[in-house]
Structure formats: C-alpha cells, structure tokens
Amino acid sequence: MDLNTVRDVRDARQRTPWRSGDAWLGGGTYLFSEPQPHLRRLVDLSRMGWEPLTRHPDGSLEIAATCTIAQLSRFAASYEAPAAPLFEQCCRAFLASFKIWNMATVGGNLCNGLPAGPMISLTAALDGSVLLRAQDGSLRRTRVADFITGAGRKDLAEGELLRSVTLPARSLACRTAFRQVSLYGLGRSGALVIGTLDPVDGSLALTLTAATVRPFRLWFPLPPDAGTLRDTLDRAVAAPDWFDDLHGLPAWRRHMALRLAEEIRRELTQEAGR
C-alpha cells in the first residue's frame, strides 16, 4: 500500500519533537497494509540496534519491540525453558506468510491491540510487562494484560514508544498448555486459551484471548474443579467482553473458550498428578 499522505520518514535515532501525524514504524506489516490518511511522517525504528532477545541474570527474558516473529521462533528452537514450546505455538498462530514472519515485530503486534494478536496471547499468558518510553524520556511499566484495554485499544499515550516486553523467570519455568480454534482451516483465531502451571506453588493461570476484546488472565491458587473454572470464567468475562466479528459470534467464542479452558485444566492437572 502506497501511503501517499506520508511526506517524510525519519530515523528514530535522530531525536526531534513529536508532532501530529507521526507514527512509529517497526516492520510496517500493518502500516502498509491499508490506507493511513492521517499520517504525515514515519519514525523508523529499524536502525535502533536493539538486541532482539536478552536473557537477564535473574532468569527473565526481555524481548525488544523490534524483534521479528522469525527471530523469536529461531530463539525458541534452542531455548531451554519449560515454557519454550509456547513461543513457537504462538508464532504459528499468526495468519501470515514467511514474508510477514520476517518483517512483523512483537512490538507491532502488541501495539495493534487486536484480539487475535498471538504475541499478546504469549506475553499476557506469561505475565509479561511492557516498558514504555514517553517523549520526555520518562519510563513506565505495565502488565500486558492491562496494556490492552479493548479491541484495538491500548494504554499508550501520544508519541509513547513500546520499547520491550519482559517475561519473568517464574513464568518461563511453568508448564504450559495451548489451545486455538478458528472457523476456517487457515482463518484468524476465534478463541485462543493458554494455561500455565507454576511448579513452585502449584497455582494455575488461564489466559483467554482472541475470543475476548482484551486479554483475561484468571489465576487460581490451586487448580480448580470444572465447575469452579466455568463459574469463574463466566463471572470474569461479561457479555460485552466477548468479541463479535465475521470470525465468530460471541456465543460461539464463549462456548469454545469454556471448552478449551476445560481441556487445558485437565491436561495440566493430570500432568501434576492431581
């Protein structure tokens, strides 16, 4: 898509005042996919030189906003952590060609805030937090589950930059279970549910995405029974929170989310010998 209203592309390393009509440019797979008549200038992040993935001494993993899906997939292939298989499962949840894989970024997927964004699913399920940098250089952190506030909506101020997302070591040590469903064989996710079982205290977390307008992460101090799980999910997700578009009606999405959540509960509790 030619963005014929864009008059300038600026290197993000050159700090100049943010102005109306500016947009951060990562991989560009969304920006160049449809008209953006409100844009006048792109601020290109591709030369920032950020390390795609950084393993910290405390065991946490920091993923740069400019890390591509292909880079994340290659890293996961040799990453020795119990939660490592989840990375590839979420990468494969993209409805995307290899060209998109090599250009689309983790930060871009988060900032689009789409219900079916699989990097949102991954990082919310692993209790990730995003590092945000304002135009004045100040930094703040917020959980991924709180960063996405609705379908296409996020807690991001004008000109604020998503620098990275960090996954805590404790989440990376969890056993995980993944379920995804779509109305079509190669369709966008209609419901995506991820479970994590903490080996330290036996707690279980279930994260719902794609079926809902924003991520819902439900935490249980001990794995619940089927009835408790269903009741908790129904109390947490109100009727307006179920997403409604051509990829699935709200009633179908709720049904599938409940079904997949129960499958995950059984899988993880059987593994734990409960």
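Two strands count as paired if DSSP finds at least two bridges between them. I keep that rule at hand for this entry, and I note that the model is predicted.

**Strands 13 and 14**

I looked up strand 13 (residues 204-209) and strand 14 first. They pair in the antiparallel sense, over five bridges. I checked one bridge by residue: T207 has R217 in strand 14 as its partner. The two strands form a hairpin, with six residues between them. In the turn I found A210 with a positive phi of about 70°.

Next I asked which residues of strand 14 (residues 216-220) lie on the covered face and which on the uncovered one. F216, L218 and F220 make up the covered face. R217 and W219 make up the uncovered face. So R217, the partner of T207, belongs to the uncovered side, since that face consists of R217 and W219.

**The five-stranded sheet**

I then traced an open sheet of five strands. Its order is 4-5-10-6-7, and the pairing is antiparallel. Strand 4 and strand 7 (139-143) stand at the edges. Each has a single partner strand, so one side of each is left without a neighbour in the sheet. From one strand to the next, the twist averages 25°.

I took a closer look at one pair in this sheet. Strand 6 (residues 129-133) and strand 7 are joined by five bridges in the antiparallel sense. R133 stands opposite L139 in strand 7.

**Helices 1 and 2**

Which residues of helix 1 (residues 69-78) are buried? I list I69, A70, L72, S73, F75 and A76. I also looked for what covers them. The cover includes strand 4 (53-55) and strand 5 (61-64). It also includes helix 2, helix 3 (98-101), helix 4 (106-112) and helix 5 (118-125).

In helix 2 (residues 84-91), the buried residues are A84, L86, F87, C90 and C91. They cover an arc of only 155° around the axis, which puts them on the same side of helix 2.

**S73**

I picked S73 in helix 1 for a closer check. Is S73 buried or exposed? Its relative accessibility is 11%, and the cut-off for buried is under 20%, so S73 counts as buried. Its side chain makes a polar contact of 2.6 Å with the side chain of E88. Not counting residues up to four places away in sequence, S73 touches E88, C91 and W101. C91 is itself among the buried residues of helix 2.

**V43**

V43 sits in strand 3 (residues 41-44). Its relative accessibility is 0%, so V43 counts as buried. I measured nothing here; I read off a computed separation: V43 and A12 are 31 residues apart in sequence and 5.4 Å apart in space, C-alpha to C-alpha. Leaving aside neighbours within four places in sequence, V43 is in contact with R10, A12, W18, D22, A23, W24 and L25.

**The whole chain**

I closed with the totals. The chain has nine helices and 14 strands. Its radius of gyration is 19 Å, close to the 19 Å that the globule rule gives for 274 residues, so the chain is as compact as a globular protein of that length. Along the principal axes, the C-alpha atoms fill a box of roughly 60 × 45 × 35 Å. Buried residues make up 52% of the 274 residues. Of the contacts with a separation of 6 or more, 60% are between residues 24 or more positions apart.

Notes:
Residues numbered from 1 in each chain as written. Predicted model: local features only at pLDDT ≥ 70, side-chain atom pairs only at ≥ 80, totals over all residues. Heavy atoms only, no water. Buried < 20%, exposed > 50% of the residue type's maximum accessible area, 1.4 Å probe, protein only. Helix = DSSP H or I, 4+ residues; strand = E, 2+ residues; numbered from the N terminus. Arc of directions from axis to C-beta. Contact = heavy atoms within 4.5 Å. Axes fitted to C-alpha atoms, helices over the stretch in contact; angles between N-to-C directions. Polar contact = N/O pair within 3.5 Å; in protein donor to acceptor, adjacent residues only side chain to side chain. Rg over C-alpha atoms; globule rule 2.2 N^0.38 Å.
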